[in-house]
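Me: I've got a protein model open and I'd like to learn how to read it. Can you walk me through it?

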Amino acid sequence: MLKLDSRIEKDSFLVKENNDFQIRIMDVSEVFWVILIPKKSNLTELNDLEVKERNYLLNYAIELGDFLKSKEKYDKINIGMLGNIISQLHLHLVLRKKNDPAWPGPVWGYNFKNKIDENTKKYRFNLILKF
């Protein structure tokens with residue numbers, strides 16, 4: 001059973017779970033930021049997943065990113081995994097627009113000012129659920 005890191009839980013909202021991972025959105029309004037978290041316990045590195053699971057996770061992220069980019073006219077899809085602060089294996093999918101406040105720099109470490117409002121949260125949830 002997945003034991004979610006408390007920092008991820010505090011900073012994000014669960015959209016849905018499938019058999020393999022949770023899909024969450026970060027609590028920021030300035031960028032559309034999705035996190036995919038495998039449901040297996042004690043994973044820290046991508047190679048901790050079986051090849052089939054890894055391919056499914058990465059392909060899902062790519063296809064979800066393409067879907068969201070096409071619906072919202074984003075300029076760039078960033079997919080990343082750092083794990084330096086939160087070692088629990090998780091994958092970030094961040095959709096960027098050239099006018100977002102962190103552009104062209106990275107979103108990591110950027111001090112986003114606005115929490116997601118209820119309408120934007122519902123809209124982003126619904127987009128992901130349509131995928």
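Me: Which strands does helix 2 lie across?

Reply: Keep in mind that this is a predicted model. Helix 2, residues 51-72, lies across strand 1, strand 2 (21-26), strand 3 (32-38), strand 4 and strand 5. With strand 5 the angle is about 15 degrees. Helix 3 (residues 118-130) packs on the sheet too, touching strand 1, strand 2 and strand 3, and its direction makes about 25 degrees with that of strand 1.

Me: OK, and the sheet itself: in what order do the strands sit?

Reply: In general, strands of a sheet pair through backbone hydrogen bonds, either parallel or antiparallel. Here you have an open sheet of five strands in the order 1-2-3-5-4, with antiparallel pairing. At the edges are strand 1 (12-17) and strand 4 (76-80), each pairing on one side only. From one strand to the next, the twist averages 20 degrees.

Me: How many bridges join strand 4 to strand 5?

Reply: Five, and the two strands run antiparallel, strand 5 being residues 91-96. To see one partner pair, find I79 and look across to L93 in strand 5.

Me: What about the inside? Which part supplies the largest share of the largest nonpolar core?

Reply: The general idea is that in soluble globular proteins, nonpolar side chains tend to be buried together. The largest nonpolar core in this model has 25 residues, and I23, F32 and L68 are among those with the most contacts inside it. Helix 2 gives the largest share, six residues. Try clicking on L68: among the residues that L68 touches are F32, V34, L95 and I128. Another core, of 14 residues, lies apart from the largest one, and includes L2, I8, M26 and V28.

Notes. Residues are numbered from 1 along each chain as its sequence is written. This is a predicted model: local features need pLDDT of at least 70, side-chain atom pairs count only at pLDDT 80 or more; totals for chains, interfaces and linings use all residues. Side-chain values use heavy atoms; hydrogens and water are left out. Two strands pair if DSSP finds at least two bridges between them. Helices (H or I, at least four residues) and strands (E, at least two) are DSSP runs, numbered from the N terminus. Axes are lines fitted to C-alpha atoms, for helices over the stretch in contact, and angles run from 0 to 180 degrees between N-to-C directions. Contact means heavy atoms within 4.5 Å. A nonpolar core is a set of buried Ala, Val, Leu, Ile, Met, Phe, Trp, Tyr and Cys residues joined through side-chain atoms within 4.5 Å. Buried means under 20% relative accessible area, exposed over 50%, partly exposed in between (1.4 Å probe, protein chains only). Lists of a residue's contacts leave out its neighbours within four places in sequence.
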